[in-house]
Amino acid sequence: MFAAYAARIDADDPLSALELGDLPEPQARPGWSVVTVKAATLNHHDLWSLRGVGLPAERLPMILGCDAAGVDEHGNEVVIHSVIGQSGHGVGPDEPRSLLTERYQGTFAQRVAVPTWNLLPKPAELTFEQAACLPTAWLTAYRMLFTKAGVKPGDTVLVQGAGGGVATALVVLAKAAGLRVWVTGRDEVKRARAVELGADAAFESGARLPERVDAVMETVGAATWAHSVKALKPGGTIVISGATSGYNPPATELNRIFFLELNVAGSTMGTKDELAGLLSLCVNTGIRPVIDSVFPLTGARDAFARLAKGDVFGKLVLTP
């Protein structure tokens, strides 16, 4: 079957490690299902995998892709929850929790095998492309806002880095929840598009804000960390789900964190129940994932190049 996969590891030139071609069909284990992929989406996790982060060379070749929506062997339209082993269903006692593409082949292929427990019904109101956007970036945003941040309607949330998949999800979800949403970004066009999505204001990266905020959603990392800490009200919360600009900020701002009694919360992906809640929220409110572009799976290299360049607003979708 045709797939986009990591053939080797290259920390300096990750795109050179990406190959497109035929790999063996997935074999279902007891308690697993084989899903025919209708749409899958890119995440920065895929670029990190090509660099070897979380993916040792002995597991290669590894089909990339965490997210997908498709049709199971019984003809049901499904969305895949990509955290394998979270519940213990479908895995052995010595298999740790992991994401697709870390220990198990991913979704950038015509078919993928996952534990049956990891399948949720795809709402008829969502297209396959829209549903495929939800299990990583949008689920991450949902958990950041509604499980970790401790915010309530009327609070002000700052989203660092307008344009990325998680950032655009945060804007749409926060606005749907009755929050005041501010964003930052280096690109004027992306800032303007964030306002079109529902952000109440957009600022240049590092800009002084009109007032301090209740919570900051941080996915950028080193480049924005100091600004995130300085932007918070006393007792406010930073939720971190990634660090695309690096993990080691030049200033940790520990004095501000303890003196202002700030909260720092880590957040990774989300649960199957949270994904079910996100699907329901999309159906009930009419909000939909922001899609930048749709590529055929044969054009995966072009999609990866777009992601690596940062020339993206919303999600990049692959269709086998």
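**Reading the sheet, helices and cores: a dialogue**

Colleague: Let's begin with the sheet. What is the order of its three strands?

Modeller: In this predicted model, the three strands make an open sheet ordered E2-E1-E4, with antiparallel pairing. Strand E2 and strand E4 (62-63) are the edge strands, each with a single partner, so one side of each has no neighbour in the sheet.

Colleague: Happy with that. How many bridges join E1 to E2?

Modeller: The general idea comes first: strands of a sheet pair through backbone hydrogen bonds, either parallel or antiparallel. Here, E1 and E2 run antiparallel and are joined by five bridges. You can follow the register by eye: Phe2 stands opposite Asp22 in E2, and Ala6 has Leu18 of E2 as its bridge partner. On the other side, two bridges join E1 to E4, again an antiparallel pair, and there Tyr5 stands opposite Ile63.

Colleague: Which helix packs on this sheet?

Modeller: That is H9, which touches E1 and E2 and whose direction makes about 160° with that of E2. As for E1, four of its five residues are buried, so the strand is largely enclosed by the rest of the structure.

Colleague: Could we take one residue of E4 in detail? Is Met62 buried or exposed?

Modeller: Met62, which lies in strand E4, has a relative accessible area of 1%, so it counts as buried. Beyond its neighbours up to four places away in sequence, Met62 touches Tyr5, Ala6, Leu55, Thr101, Glu102, Arg103, Tyr104 and Gln105. Take Glu102 from that list: Met62 and Glu102 are 40 residues apart in sequence, while their C-alpha atoms are 8.1 Å apart in space.

Colleague: Now helix H1. Which of its residues are buried?

Modeller: H1 spans residues 44-51, and its buried residues are His45, Asp46, Leu47, Ser49 and Leu50. The elements covering them include strands E1 (2-6), E2 (18-22), E3 (32-41) and E8 (98-99), along with helix H9 (300-309). Just after H1, look at the backbone of Gly52, where phi is positive, at about 95°.

Colleague: And a helix pair? At what angle do the axes of H3 and H4 cross?

Modeller: In general, two packed helices are described by the angle between their axes and the distance between the axes. For H3 and H4, the axes come within 8 Å and cross at roughly 50°. H3 is therefore oblique to H4. The handedness of this crossing is right-handed. Among the residues making the contact are Trp138, Ala141 and Leu145 from H3, and Gly165, Ala169 and Leu173 from H4.

Colleague: Trp138 caught my eye. Which residues have the most contacts inside the largest nonpolar core?

Modeller: In soluble globular proteins, nonpolar side chains tend to be buried together. Here the largest nonpolar core has 47 residues, and those with the most contacts inside it are Trp138, Met217 and Leu278. Elements that each supply at least two residues of this core include helix H3 (134-148), helix H4 (165-176), strand E14 (213-218) and helix H8 (272-285). Apart from this core lies another, of 41 residues, among them Ile63, Val78, Ile80 and Val312.

Colleague: Which residues is Trp138 in contact with, leaving aside its neighbours within four places in sequence?

Modeller: The residues in contact with Trp138 are Cys133, Gly165, Ala169, Val172, Leu173, Leu278, Arg288, Pro289, Val290 and Lys315. Val172 and Leu173 also belong to the H4 side of the helix contact, and Leu278 is one of the core residues named above.

Note on methods
Residues are numbered from 1 along each chain as its sequence is written. This is a predicted model: local features need pLDDT of at least 70, side-chain atom pairs count only at pLDDT 80 or more; totals for chains, interfaces and linings use all residues. Side-chain values use heavy atoms; hydrogens and water are left out. A nonpolar core is a set of buried Ala, Val, Leu, Ile, Met, Phe, Trp, Tyr and Cys residues joined through side-chain atoms within 4.5 Å. Buried means under 20% relative accessible area, exposed over 50%, partly exposed in between (1.4 Å probe, protein chains only). Contact means heavy atoms within 4.5 Å. Two strands pair if DSSP finds at least two bridges between them. Axes are lines fitted to C-alpha atoms, for helices over the stretch in contact, and angles run from 0 to 180 degrees between N-to-C directions. Angles under 35 degrees count as roughly parallel, over 145 as roughly antiparallel, 65 to 115 as roughly perpendicular and the rest as oblique. A crossing is left-handed if the near helix is turned anticlockwise from the far one by less than a right angle, and right-handed if clockwise.
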